[in-house]
Structures are given as structure tokens and as C-alpha cells.
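Grab a coffee and work through these exercises with the model open beside you. Try each task before you read its solution.

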Amino acid sequence: MGVESPNMQLIRNLVLAAVATGLGLSAADPALLKLVPQDAAFIAGIHADQIKTSRFGQFLLDQLKTEEDKLEKLITVTGFDPRRDLTEVVVASSDTRGRGGKTLVIAKGRFDPARVSSFLASEGGAKLAYQGIDIIGKNSGTSGGLAFLDATTALAGDLDFLKAAIDRSRQGSSAMDPAMANRITELSTRYDAWIFSSSVDRVADDLRDSRLKGAMNGALMQSMQSVAGGVRFGASVELMAEGVMRSEKDATAMVDVVRFLASMLQLNRDKDEKAADLAELLEKAEVKANGNQFRMLLNVPEDLLERVMKPATLRRKRPAGVI
């Protein structure tokens with residue numbers, strides 16, 4: 001792998017910190033949603049301004065320790081601490097597979113554009129002026145970079161998406177489909193972290209597995225017309241996933257698939273600790289079909305979710321006989 005460019009380090013730190021601090025109960029900032037590209041097939045958002053109120057949020061924040069040295073350098077040089085200064089992040093992509101698509105990261109917070117730009121320039125970044133805004137890329141021929149609309153809004157991603165977002169910020173108009181915008185407002189009002197996708201190709205590829213004997217086949221996944229999900233933190237973490245299917249029959253089949261997966265995990269829970277935790281998690285799931293909509297809702301204790309997400313090397317062995 002090549003050396004990571006300074007602007008990509010900043011982008012990665014923004015997103016990583018946002019994932020670790022997804023808290024708050026307010027709708028996505030309409031000003032940020034106006035910057036989302038028209039052809040975005042995947043949109044995700046995170047409220048990142050109340051980390052101290054959730055134990056699970058603190059657990060996720062602890063996962064940043066492997067990046068602590070780079071984070072401290074970022075704070076020292078730019079004055080920007082994503083754990084403190086970041087309030088909201090929206091990520092939009094034109095392709096959920098992550099291959100060949102374009103991505104835009106929109107961050108709301110407290111920034112010092114002059115200091116950040118100076119740091120990136122000192123690390124070899126090149127500036128491209130567009131509509132009175134400096135886009136800072138790895139070099140003069142870069143295909144992406146970082147830009148600040150003002151001291152509270154940062155953009156990072158592919159050059160075409162950056163330029164289009166800058167144009168929309170000047171025009172004050174939104175390119176997003178109104179129905180999609182309304183759905184995202186609903187999700188972001190209820191959940192601390194949320195996603196919406198009108199393309200499920202990658203999900204279908206990931207879940208096409210011959211060992212499932214057709215229960216989770218690509219055709220069923222391809223019948224999904226859209227996917228949405230949300231997480232709300234608290235002593236009990238609420239997880240929601242739903243899909244709008246092609247037909248009522250497909251929605252019912254998806255319910256059967258989830259129950260089948262739960263039964264498989266149950267069979268392996270005595271052999272594998274991870275399977276035991278996942279089985280316990282799925283036991284708590286409310287899974288149902290309503291017309292052509294599949295929906296799964298879980299309320300999970302923080303400690304169980306921590307165990308599920310903890311890397312295998314850090315998972316502590318349970319006493320014999322304890323599930």
C-alpha cells in the first residue's frame with residue numbers, strides 16, 4: 001500500500017471519530033443534506049455531539065486508541081479534535097460496492113480552515129481554487145481533496161462531487177429526491193446513526209452463499225428496492241433494519257431467512273463464543289413483514305453489543321456453562 005496522503009488521513013479521522021461518537025436526537029442538518037449529490041445511491045449520517053452520555057459510545061471511542069498518535073498530531077498541528085469539535089457527519093456515495101463509485105463526506109463542526117490548509121500544504125498538498133473555495137488535494141492532478149465552505153462545514157471526497165457540492169452551497173438548492181429527503185429526515189430524527197440506500201447490490205453479493213442452500217440467495221436480495229437502518233444509543237441500544245421488497249411474498253421470505261440464520265447460530269452457540277453472542281442478539285429481534293416491507297427491530301443491552309463488536313483477540317472467555 002502507498003503512503004496515505006495528509007488529506008486522506010484527515011478524512012479517515014473525521015469518519016472514524018464520527019462513528020465513535022454517534023449521539024444526539026435531532027434531524028440531519030438540512031444545509032448538509034442540500035450538499036448531497038443527486039445520484040447518491042447510499043447516504044449515511046451520524047450525530048456526534050453527546051459522546052459522554054453513552055457507555056457504548058465510550059466503548060466505541062476506545063477503539064480509536066490504535067490511531068492515538070496520528071490523532072494527537074492532527075490536534076497539535078491543526079487545533080482540531082474530532083472527538084470534541086465534530087457535531088455531525090453525512091457520507092454519500094454513488095456506488096454501494098465501493099468500486100468505481102464516488103464519495104462525498106460532509107462534516108459539521110468547529111474548524112480552523114487556515115491552520116488545516118496550512119498543515120496539508122506543508123505535507124505536500126496542492127490547492128485548486130474553485131468558486132472562491134480552495135480544494136486541497138494530494139497534488140495538482142488530484143482526483144479528490146478537502147475543502148471548507150466556512151469555519152463550520154468541511155467537505156472531502158472526489159473532485160467532481162466536491163465541485164458540485166460547492167455549486168449547490170452557492171445556489172442554496174437541493175439535488176436530492178424529496179421522498180428520499182423526507183425518509184432521511186425521519187431516520188435522522190429518531191436515530192443517532194442512520195443509513196439509507198436505494199441500491200443493495202453489495203448486500204446481495206455478500207450474502208450469496210451456497211452453504212445457506214438458497215435461503216439467502218442473490219435473487220431474494222435483489223428484490224429489495226431500498227434499505228434503511230438506524231442505531232439509537234442508550235442503556236439499551238436500539239437497532240433497526242428494514243427493506244422495501246418487490247412483493248409481499250419477498251418480504252415474508254426475508255423474515256424466514258432471518259429466522260433461519262438465527263436457528264443456525266443456535267446450533268453453533270456451544271461451539272463458538274461469537275455465534276453464542278449473535279444468537280443471543282437475534283433472540284431479542286422483532287422480525288416481521290408488513291405488506292412488501294421487511295423490518296427487524298432489536299433493543300440490545302450495551303454489554304451484549306460490546307461483546308459482539310469486540311475483536312476476537314480481546315474477547316474474554318466466559319466461565320464454563322455460561323451462555
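**Exercise 1. Find how many aromatic pairs the structure holds, and work out the geometry of the pair Phe111 and Phe148.**

Step 1: In this predicted model, the count comes to 2 aromatic pairs; rings of Phe, Tyr and Trp (its six-membered ring) pair if their centres lie within 6.5 Å.

Step 2: For Phe111 and Phe148, the ring centres sit 5.6 Å apart and the planes meet at 55°, so call this pair tilted. Planes under 30 degrees apart would be stacked, over 60 edge-to-face, and the rest are tilted.

Step 3: Now place the two rings. Phe111 is in the loop between strand E3 (103–109) and helix H6 (113–122), while Phe148 belongs to strand E6 (residues 144–150), so the pair ties together parts 37 residues apart in sequence. Helices (H or I, at least four residues) and strands (E, at least two) are DSSP runs, numbered from the N terminus.

Step 4: Check burial. Phe111 is buried, at 11% relative accessible area, and Phe148 is buried with 11%. Buried means under 20%, exposed over 50%, and partly exposed in between (1.4 Å probe, protein chains only).

Step 5: Add Phe80, and you have one aromatic cluster of Phe80, Phe111 and Phe148.

**Exercise 2. Check the span of helix H8 and find which of its residues are buried.**

Step 1: H8 covers residues 178–190, and its 13 residues at 1.5 Å each should span 18 Å, because the expected span is 1.5 Å times one less than the number of residues. The end C-alpha atoms are 19 Å apart, which agrees.

Step 2: Met180, Ile184, Leu187 and Ser188 are the buried ones. Looking down the axis of H8, they fall within an arc of 90° (taken from the directions from the axis to the C-beta atoms), so they line one face.

Step 3: That buried set packs against helix H2 (30–33) and several strands, including E1 (42–47) and E10 (236–245).

Step 4: At the N-terminal end of H8, Asp177 acts as the cap, with a side-chain oxygen 3.1 Å from the backbone nitrogen of Ala179.

**Exercise 3. Which residues does Leu32 touch?**

Step 1: Leu32 sits in helix H2 and is buried, at 1% relative accessibility.

Step 2: Leaving out residues up to four places away in sequence, Leu32 touches Glu88, Val90, Ile106, Lys108 and Thr153; contact means heavy atoms within 4.5 Å.

**Ground rules**

Residues are numbered from 1 along each chain as its sequence is written, and side-chain values use heavy atoms, without hydrogens and water. In this predicted model, local features need pLDDT (the predictor's confidence in each residue, from 0 to 100) of at least 70 and side-chain atom pairs 80 or more, while totals for chains, interfaces and linings use all residues.

Technical notes: Polar contact = N/O pair within 3.5 Å; in protein donor to acceptor, adjacent residues only side chain to side chain.
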